[in-house]
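Biologist: I'm new to this one and could use a guided tour. Can you show me how to read it, piece by piece?

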Amino acid sequence: GLMWLQHGGNLRHTSEQNDGVSRYGWLMHDGENFGVQEIRDEGLVLRTEFVKQPGGDHGGDWSWRVTAKMEGKGPAPLLSLFFYVATDGQGTLRPVLENGTRLAAVAGTAEELGDFTLTFLPPTGEGGEGPKYASYNFLAAGVPGLHRLTDLVRQSLRESSVF
């Protein structure tokens, strides 16, 4: 899943009516193999896209892309994206780090899927270049239920990690 935080704003995990998100919803979705969703939040446009390639023993391989842009001109505020992987008490997860800091993948095992790997490619700009400024952190923790994930992330943020 995905959480996001704009400098000075609230940590967002969901988009719901009356929470200040101006617009959200699916732009395209076939209910099975692909989808494009857009979330507009205080000048930020988050676009998530997924596509499924059928095959294998468990329904196929999934690819997911997140694009973040600001509406209008002017300097972009600091934006933090929090990608998370969780099991509901079934299976195991193990972080795979690149250079000791960037979460490059999560390897796991689950009863329904067997062994699996979720790979996180490095972020890129519109021209394919890397981000001008980026820092990477990861948190591995247990939480008493998936409904508590937002609280866990919020409590884990320290003043020193907010620019």
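**Two domains and their sheets**

Modeller: Let's start with the broad division: domain 1 covers 1-82 and domain 2 covers 84-162. Keep in mind that this is a predicted model.

Biologist: How many Å separate the centres of domain 1 and domain 2?

Modeller: Taken over C-alpha atoms, the two centres are 16 Å apart. As for touching, 10 residues of domain 1 are in contact with 11 residues of domain 2.

Biologist: And how do I read the size of an interface?

Modeller: The size of an interface is often given as the accessible area lost when the parts come together. Here, domain 1 and domain 2 bury about 970 Å² between them, and 66% of that is on carbon and sulfur atoms.

Biologist: Which strand gives the most to the side of domain 1 that touches domain 2?

Modeller: That's strand β1 (residues 2-6), with 3 residues.

Biologist: What about salt bridges and polar contacts: how many are counted between domain 1 and domain 2?

Modeller: The salt bridge count is 0. For polar contacts, there are 3 residue pairs, with both residues at pLDDT 80 or more.

Biologist: Okay, on to the sheets. In what order do the 4 strands of the open sheet come?

Modeller: Read across the sheet, they go β2-β3-β4-β5, with antiparallel pairing.

Biologist: Why is one side of β2 and of β5 left without a neighbour in the sheet?

Modeller: β2 (23-29) and β5 (61-70) stand at the edges and each has a single partner strand, so one side of each has no neighbour in the sheet. From one strand to the next, the twist averages 15°.

Biologist: Can we zoom in on a pair of strands there?

Modeller: Sure, take β3 (residues 34-41) and β4 (residues 44-53): they run antiparallel and are joined by 8 bridges. To find your place, look at Gln 37, whose bridge partner in β4 is Thr 48.

Biologist: Which strands form the open sheet of 3 strands?

Modeller: Those are β7, β8 and β9, in the order β7-β8-β9, again with antiparallel pairing. β7 and β9 (114-119) are at the edges with a single partner strand each, so one side of each is left without a neighbour in the sheet. Ignoring direction, neighbouring strands of this sheet are turned by 20° against each other on average.

Biologist: How many bridges does β7 have with β8?

Modeller: Strand β7 (residues 92-98) pairs with strand β8 (residues 102-110) over 7 bridges, in the antiparallel sense. Within that pairing, Arg 94 stands opposite Ala 107 in β8. The hairpin of β7 and β8 has 3 residues between the strands, and Asn 99 takes a positive phi near 55° in this hairpin.

Biologist: And what joins β8 to β9?

Modeller: A hairpin, through 3 residues. β8 and β9 pair over 6 bridges in the antiparallel sense, and Ala 110 stands opposite Gly 114 in β9.

Terms used: Residues are numbered from 1 along each chain as its sequence is written. This is a predicted model: local features need pLDDT of at least 70, side-chain atom pairs count only at pLDDT 80 or more; totals for chains, interfaces and linings use all residues. Side-chain values use heavy atoms; hydrogens and water are left out. Two strands pair if DSSP finds at least two bridges between them. Helices (H or I, at least four residues) and strands (E, at least two) are DSSP runs, numbered from the N terminus. Axes are lines fitted to C-alpha atoms, for helices over the stretch in contact, and angles run from 0 to 180 degrees between N-to-C directions. Domain bounds come from an automatic or database domain assignment. Contact means heavy atoms within 4.5 Å. Buried area is the accessible area (1.4 Å probe) that two parts lose on being put together, summed over both. A salt bridge is a side-chain nitrogen of Lys or Arg within 4 Å of a carboxyl oxygen of Asp or Glu. A polar contact is a pair of N or O atoms within 3.5 Å; within protein, one must be able to donate a hydrogen and the other to accept it, and residues adjacent in sequence count only if both atoms are side-chain atoms.
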